[in-house]
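This report describes a two-part reading of the model: how confident the prediction is, and how its parts are arranged. The sequence and structure come first.

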Amino acid sequence: MGVDGRSIYLRRISASESYAAGLRFVHQVHARAAVLRDRRSTLLRHSRLSVDLSNVSISAIGKDVVRARGARAIDVPQSLKVSVGIRDGHVGSGEITYAGSLSLDRAALAEKIIRERAELFGIPTDELRFHYIGYNSTRPWWTPEHEPPEIRLRATISALDEEPALWLCREIEGHYTNGPAGGGGVETSVRETIGIVSCFIPRDMVHQRIEVF
Amino acid sequence: MSAVAPRLVEIATARAGDKGDDSLIAAYANSDVGLMELTHWLTPSRVAAHFDLSAAQVVVTVISRHSCVALHLRDRLTGGVTRSTSSDPHGKTLAFHLLDMPLTRISTQ
């Protein structure tokens with residue numbers, strides 16, 4: 001994005017992309033407007049420049065071309081945002097698919113079995129979660145009107161220690177032959193997670209150095 | 001049985017973004033008339049009920065210049081992008097959950 005105080009976005013894009021790109025850009029402006037509403041300003045803080053986006057207007061100026069204008073440069077921020085990464089333990093996840101008649105019930109039974117076995121093995125269950133992909137994994141508080149023709153059950157667990165994650169992977173794998181009928185397509189993974197905490201530091205504390213290795 | 005209720009997707013489109021554990025959703029009306037309708041439907045209490053949040057977690061900002069209603073949903077991303085174990089940690093799909101909102105009065109009983 002070039003900022004010259006007048007036009008901040010102008011490029012040629014494909015027909016299919018133009019609608020989405022226009023929306024996405026407007027969205028970006030508005031999302032920031034929402035975030036910064038407490039300051040009563042639509043201020044965008046970039047490391048090199050603060051920009052006032054409150055008067056940005058977006059128009060289609062030709063086939064597949066969108067112009068956004070009205071952004072105003074304000075100043076160079078004296079503090080910079082720092083994203084601090086914190087080692088946050090391990091996440092294990094495992095997925096298995098059920099299809100056809102009663103697939104939702106069989107997935108729910110798999111969840112029940114894994115929860116019971118977690119108790120048995122002394123695995124902490126407060127961070128053990130189940131997601132019903134194809135049903136309501138993106139919105140668990142929502143109950144769909146119809147049962148889906150197939151379900152991918154996704155189980156996840158997070159802990160500082162790696163062991164619960166490894167345990168969960170073995171449990172899901174075991175459901176090929178020791179769980180509800182007809183489960184298939186198991187995939188498992190364990191990854192270390194990095195949590196992010198943000199803060200600001202004075203600009204003059206930052207010294208740039210490049211190291212090639 | 002009544003006919004299927006119209007949904008928000010018929011008068012608007014939406015996109016979602018994230019900041020920390022908060023979801024930011026911008027809904028765009030398809031027309032100027034649509035914006036009035038959109039503002040009518042997207043009250044904090046209706047949005048809160050649709051996302052299983054308390055009304056205090058929802059901030060609604062109308063940006064008429066862009067026919068837009070911007071929603072700020074606090075603590076809806078189960079820990080934020082790097083910590084969430086959801087199949088959609090950024091909550092990008094929440095935009096279309098919003099558009100699933102039925103345009104009928106919520107029973108207050």
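## Terms and basis

Two strands pair if DSSP finds at least two bridges between them. Strands (E, at least two residues) and helices (H or I, at least four) are DSSP runs, numbered from the N terminus.

This is a predicted model, in which local features need pLDDT of at least 70, side-chain atom pairs count only at pLDDT 80 or more, and totals for chains, interfaces and linings use all residues. Residues are numbered from 1 along each chain as its sequence is written, chains are lettered from A and ligands numbered from 1 in the order in which they are written, and side-chain values use heavy atoms, with hydrogens and water left out.

## The four-stranded sheet

In β10(A), Gly85(A) has Ile196(A) as its bridge partner. Ser83(A) is matched in β10(A) by Ser198(A). Both pairs belong to the contact between β7 (residues 79-99) of chain A and β10(A), antiparallel strands joined by 16 bridges. β7(A) also runs antiparallel to β9(A), with 10 bridges. There, Val91(A) stands opposite Ser158(A) of β9(A).

Together these strands make an open, antiparallel sheet of four, ordered β8-β9-β7-β10 in chain A. β8 (128-133) and β10 (184-202) of chain A are at the edges; each has a single partner strand, so one side of each is left without a neighbour in the sheet. Neighbouring strands are turned by 25 degrees against each other on average, direction ignored. In a regular strand, side chains alternate between the two faces of the sheet.

Helix α2 (residues 103-121) of chain A lies across β7, β8 and β9 (150-159) of chain A. The helix runs at about 170 degrees to β8(A). Axes here are lines fitted to C-alpha atoms, for helices over the stretch in contact, and angles run from 0 to 180 degrees between N-to-C directions.

## The three-stranded sheet

A second open sheet has three strands of chain A, in the order β2-β3-β6, with antiparallel pairing. Its edge strands are β2 (43-45) and β6 (72-75) of chain A, each pairing on one side only. The twist averages 30 degrees from one strand to the next.

β3 (residues 50-52) of chain A pairs with β6(A) in the antiparallel sense over three bridges. Ser50(A) stands opposite Asp75(A) of β6(A).

## The second largest pocket

A pocket is an open set of points on a 1 Å grid over the protein atoms alone, where a 1.4 Å probe fits, with protein on both sides within 12 Å along at least five of seven lines; lining residues have an atom within 4 Å of a point. The second largest holds about 340 Å³ of space. Its lining counts 21 residues; Ser137(A), Thr138(A), Pro140(A), Thr78(B) and Ser86(B) lie nearest the centre. β8(A) gives the largest share, four residues.

## Confidence

pLDDT is the predictor's confidence in each residue, from 0 to 100. Chain A averages 82, with 80% of the residues scoring at least 70. Among its elements, strand β1 (residues 7-12) of chain A has the lowest mean, 39, and helix α3 (residues 163-174) of chain A the highest, 98. Residues 1-21 of chain A have pLDDT below 50.

The mean for chain B is 86, and 93% of its residues reach 70 or more. The complex has an ipTM of 0.80 and a pTM of 0.77 from the predictor.

Key: Contact means heavy atoms within 4.5 Å. Grid points are joined across faces, edges and corners, and a volume is the space filled by probe spheres set on the points.
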